[in-house]
Each structure stands twice: as C-alpha cells, then as structure tokens.
Amino acid sequence: MLKNKVMGIALSLGLLFTAALPAMVSAEDIIQHTVDTDKDFSDMKPGAYLSKISGSYLNPETGLTEDGGTKNASIGEGMVDGVVTPSDASGGLDSVFGKPKPGEEHYSECLLEKMEDGKYYATLRLYLMNYIKFDEQNGPFIEVRQPNGEYKRVEYKITKSESGGENGVNFNDFRFEVPNANTYVKVSMFVVPMSRPVTYFVVIDSEETQPGPGEFVASPTYGGKAGGLSTGAIAGIAGGAAVVIIIVVALVVKRKKSSDTEEA
C-alpha cells in the first residue's frame, strides 16, 4: 500500500513539473546580454558601486551550454534566472520556471568595488542556495573571464548568507576579484535535486552604476567589517542543513508507515 502511494505521489509531481516547463526553445532563440569587457574604466573613482547583472545558462559569447545540459534552452535559462535575478526572492522553486520574454528580462545588482590600487572586486548574490551542495569536490566554483578571453578560477569569500528554509529566502553573497568593471563570470555548482553539476554565467554590466554598497557587505575600506564566512564555514552550514532535512524526511516516512500499518 505504501509503495503504491509513493508511486502515485511521484507521478503527480512529475506531471506538475512537466506542466510547468516552458515550450521547447532553442539556443538560437535566446537573446544574450553582452558587455564590452575591454572598456576603459580608468575614470571611475575608487569606491563602492552597484552594477547591473543578468544570468545566462548559455555562454554569452558563444551561445552554447558549458555543461552538456538540456537542448531546451529556456529550461536552463529559467533555472539561472531563479538563482541570479529572481522576480520573487522568496519564491523558491516556483521562481525557476520560465525565462522572461525578450524585453521583459530580469536584472539585479551586484556590489562592485574599485580599490585605491585600481583592482576591482565584485560581490554576487545568488539565490536558492539551499539546493546547492557545498564541499571541496563540488564547489561552488567561480571562474572569471580574463583579458585574453580565457576563464580563470578565482578564490572567493562569502560575506553574507541567509537561510530561510524551503519557503523562505536563501542566498549567499560571493566576493571575488575581477579584471574589469565589465566582465563575465562562470559559476559551477552541484544542484542536489538534479543530482549533477550545473554551469552558468553572470554578466556584470557597469555602464551605468549607482552608489553602493546597498544591502551588500563592503570591504573595510568602504565601511564594511573585516572577516566574512569562508567556504569551509558555509560548507558546514549547508551540511548541517542537509542532515536536518534527512532527519525530517525519515520521521515523515516512519510516521507514514505507522499510519499505513494501522489502516491495514
């Protein structure tokens, strides 16, 4: 009896998610947001700014996927939209279905800091982090496009984190060095519900900026506090959350079995 009920629930969920998926859209139909990564920002004064960002499952320069993912590009674009620029940060998985139509794209903000020595640091806020595995083997990993066109893996620091549970807001702020105020960032992370790593891109567009730091944690140079959570600390938090989820699921299954036994 329990087996039949589980199969029924799984089938119902499958139909629900299939109905929510957008129609087949090829990579050629996705409009890419590109920036001039060679633009000279030497006139930008040192300080904290808010720059515009957008997400893309496809490489903005090649129009191809980097992880061998779905041919239905709109599915990947919708997922990335929910991570990088969700219309409702507390929407959970509901925010990942359906990339906005051309002209209705979502944009968000990142913190861009130009230091006195001319170096740039970006802080990206990525959502739905409660579905991401954090460890040395699976990442997340961040690569930044270099002036020669190649991507280089960079170290990052998580400066702010919020864990609101399944129906709440869940994000991490990743701070790392970038070569220019306009740049492309490649993010690779293991998505637990999909049981595989996913690679996507974040476009940082600093053509028009606003004064920062906004809701972000700035460096001590611009009023922020020293320190920040390391990747190891976040991995521990994520691991602890996973243990809690496993315990809850085990209790639910146990109670379900008890209920079915009584009914029988």
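Let us start with one residue: Phe 201 is buried, with a relative accessible area of 0%. Please keep in mind that the model you are looking at is predicted.

Phe 201 has an aromatic partner. Tyr 151 and Phe 201 form an edge-to-face pair. Tyr 151 lies in strand 6 (residues 151-154) and Phe 201 in strand 10 (residues 196-211), so this pair ties together parts that are 50 residues apart in sequence. Is Tyr 151 buried or exposed? With a relative accessibility of 18%, Tyr 151 counts as buried, because the cut-off for buried is under 20%.

A search of the whole structure turns up 3 aromatic pairs, among them a pair made by Tyr 127 and Phe 171. Here Tyr 127 belongs to strand 3 (residues 120-127) and Phe 171 to strand 8, so the pair links parts that are 44 residues apart in sequence. Both of these residues, Tyr 127 and Phe 171, are buried. The geometry of the two pairs described here is set out below.

| Aromatic pair | Centre to centre | Angle between the planes |
|---|---|---|
| Tyr 151 and Phe 201 | 5.8 Å | 70° |
| Tyr 127 and Phe 171 | 5.9 Å | 65° |

Phe 171 has another neighbour to look for: Arg 125 lies over the face of the Phe 171 ring, at 4.0 Å from the ring centre. Elsewhere, the charged end of Arg 153 sits over the ring of Phe 141, 3.9 Å from the centre of that ring.

Now follow strand 8, the home of Phe 171. Which way do strand 7 and strand 8 run relative to each other? Strand 7 (residues 157-163) and strand 8 (residues 170-178) are antiparallel, and 6 bridges join them. One of the residues to find here is Lys 157, whose bridge partner in strand 8 is Arg 175. The two strands form a hairpin with 6 residues between them. In the turn, Gly 165 has a positive phi of about 80°.

Stepping back to the whole chain, how many helices and strands does the protein have? There are 3 helices and 10 strands. Read from the N terminus, the elements run α-β-α-β-β-β-β-β-β-β-β-β-α. The protein has 264 residues, and 41% of them count as buried. Its accessible surface comes to about 14,500 Å², with 55% of that belonging to carbon and sulfur atoms. Finally, of the contacts between residues at least 6 apart in sequence, 73% join residues at least 24 apart.

Technical notes. Residues are numbered from 1 along each chain as its sequence is written. This is a predicted model: local features need pLDDT of at least 70, side-chain atom pairs count only at pLDDT 80 or more; totals for chains, interfaces and linings use all residues. Side-chain values use heavy atoms; hydrogens and water are left out. Helices (H or I, at least four residues) and strands (E, at least two) are DSSP runs, numbered from the N terminus. Buried means under 20% relative accessible area, exposed over 50%, partly exposed in between (1.4 Å probe, protein chains only). Contact means heavy atoms within 4.5 Å. Accessible areas come from the Shrake-Rupley method with a 1.4 Å probe; for residues, only the protein chains shown count as cover. Two strands pair if DSSP finds at least two bridges between them. Rings of Phe, Tyr and Trp (its six-membered ring) pair if their centres lie within 6.5 Å; planes under 30 degrees apart count as stacked, over 60 as edge-to-face and the rest as tilted. A charge sits over a ring if NZ of Lys or CZ of Arg is within 6 Å of the ring centre and within 35 degrees of the ring normal.
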